[in-house]
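I opened this one with no background and kept short notes as I went. Here they are, in the order I looked things up.

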Amino acid sequence: MSFLIGENMTGGYGAADILHDCTLAVDLGQIAVIVGPNGAGKSTAMKAVFGMLNLRGGQVRLDGQNITTLSPQDRVAKGMGFVPQTNNIFTSLTVEENLEMGAFIRRDDFSSTMEQVYELFPILREKRRQPAGELSGGQRQQVAVGRALMTKPKVLMLDEPTAGVSPIVMDELFDRIIEVARTGISILMVEQNARQALEIADKGYVLVQGRNRFTDTGQALLADPEVRRSFLGG
Ligand SMILES: Nc1ncnc2c1ncn2[C@@H]1O[C@H](COP(=O)(O)OP(=O)(O)OP(=O)(O)O)[C@@H](O)[C@H]1O
Ligand SMILES: [Mg+2]
């Protein structure tokens, strides 16, 4: 049984559906990666799983519980964290204020969680008093991931965490994401760097036009000639 599953999701923003019977899932402590062309509906599927889209069909289950009608806030309280593709930090707030904002639903002392985020991303400790908008692209993504970790999620959803960063920074971010998964947090991640992301994926999904096109282990997708030819540049 998957820890988090969006099953047979159908829906969109208005009259026309973007997602058609789309299924995404991640097991406990594993990394699931979603790839596919621009406009395939990857972000829409992530929003659907997080409760930002009304589904016409299908359901979302977390740890066996049907959460399809819960608001995003209630999903955070249940252990979900989400880093959207765009506008995922408060640029005018400092790094530390961003992390504090991430802890908004917590009523307990979150200083040890902030310490863990600073241990995972040491550069953020150095820059904690700087406005997040002054940071490099890779550092901003660290702020966004760190912010989402502040609620101590059981599952972390990341929409293109390595967008716009150099290959070296991408490798570092993937290493940190693997580190997070090793602490037992499940990762459901959209990635444009498909080949590199599938290399670290326990499970991979290729979405095309809002539908599941291929689903397999990351390794099997990387070895599939059709997936390689059509989606991985040969
Ligand atoms: N807020 C919105 N309102 C209406 N249509 C939208 C909205 N957001 C996305 N769409 C449409 O939904 C479809 C899927 O978009 P989506 O952003 O989910 O794709 P994606 O796979 O994440 O693409 P990318 O790789 O560029 O991030 C596109 O046709 C897009 O134009
Ligand atoms: Mg997207």
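Which residue in S7 stands opposite Met 80? I looked it up and found Val 155 in that place. One caution before I go on: this is a predicted model.

**Entry 1: the six-stranded sheet**

I followed the sheet around that pair outwards. It is an open sheet of 6 strands, ordered S6-S7-S8-S3-S9-S10, and its pairing is mixed. At the edges I found strand S6 (80-83) and strand S10 (211-216), each of which pairs on one side only. From one strand to the next, the twist averages 15°.

Then I took the pairs one by one. S6 and S7 run parallel and are joined by 4 bridges. S7 and strand S8 (residues 186-190) also run parallel, with 5 bridges joining them. In that second pair I noted Leu 158 opposite Met 189 in S8. To get from S7 to S8 the chain passes through helix H7 (residues 167-182), and I wrote down this β-α-β crossover as right-handed.

Towards the other edge, strand S9 (residues 203-208) pairs with S10 over 5 bridges, in the antiparallel sense. There, Val 208 stands opposite Arg 211 in S10.

**Entry 2: S7, buried or exposed?**

I wanted to know how many residues of S7 are buried. The count came out at 5 of its 5 residues, so I put the strand down as mostly covered. I then sorted them by face. Val 155, Met 157 and Asp 159 are on one side, Leu 156 and Leu 158 are on the other, and all are buried, which leaves both faces covered. That sorting follows a general pattern: in a regular strand the side chains alternate between the two faces of the sheet.

I also looked for a helix lying across this part. Helix H6 (residues 137-149) lies across S6 and strand S7 (155-159), and it runs at about 165° to S6.

**Entry 3: the four-stranded sheet**

Another open sheet turned up, with 4 strands in the order S2-S1-S4-S5 and antiparallel pairing. Its edges are strand S2 (19-26) and strand S5 (65-66); each has a single partner strand, so one side of each is left without a neighbour in the sheet. Strand S4 (residues 57-62) pairs with S5 in the antiparallel sense, over 2 bridges. Across that pairing, Leu 62 stands opposite Gln 65 in S5.

I checked phi in this sheet and flagged two residues. Asn 8, in strand S1 (residues 4-11), has phi near 50°, a positive value in a residue other than glycine. Asp 21 lies in strand S2, and its phi is positive too, about 55°, although it is not a glycine.

Are these two buried or exposed? Neither label fits, because buried needs 20 or more other C-beta atoms within 10 Å and exposed needs 12 or fewer. Asn 8 has 15, so I entered it as partly exposed. Asp 21 has 14 C-beta neighbours inside 10 Å and gets the label partly exposed as well.

**Entry 4: ligand 1 and helix H1**

What surrounds ligand 1? My list reads Tyr 13, Ile 18, Gly 36, Asn 38, Gly 39, Ala 40, Gly 41, Lys 42, Ser 43, Thr 44 and Gln 85. Sorted by class, that shell has 3 nonpolar, 7 polar and 1 charged residues.

Lys 42 and Thr 44 took me on to helix H1 (residues 42-50), which is mostly covered, with 8 of its 9 residues buried. Both are among the buried ones, along with Ala 45, Met 46, Lys 47, Ala 48, Val 49 and Phe 50. Just after H1 comes Gly 51, and its phi is positive, near 90°.

**Entry 5: Thr 91**

My last stop was the loop between S6 and helix H3 (95-102), where Thr 91 lies. I counted 13 C-beta neighbours inside 10 Å, so Thr 91 is partly exposed. Which residues does Thr 91 touch, leaving out those up to four places away in sequence? I found Pro 131, Ala 132 and Gly 133. I also took the separation from Thr 91 to Gly 234: they are 143 residues apart along the chain, and 38 Å separates their C-alpha atoms.

Methods
Residues numbered from 1 in each chain as written. Chains lettered and ligands numbered in written order. Predicted model: local features only at pLDDT ≥ 70, side-chain atom pairs only at ≥ 80, totals over all residues. Pairing = 2+ DSSP bridges. Axes fitted to C-alpha atoms, helices over the stretch in contact; angles between N-to-C directions. Contact = placed C-beta atoms within 7 Å. Right-handed = clockwise from strand over helix to strand, strands pointing away. Near = placed C-beta within 6 Å. Nonpolar A, V, L, I, M, F, W, Y, C, P; charged D, E, K, R; others polar.
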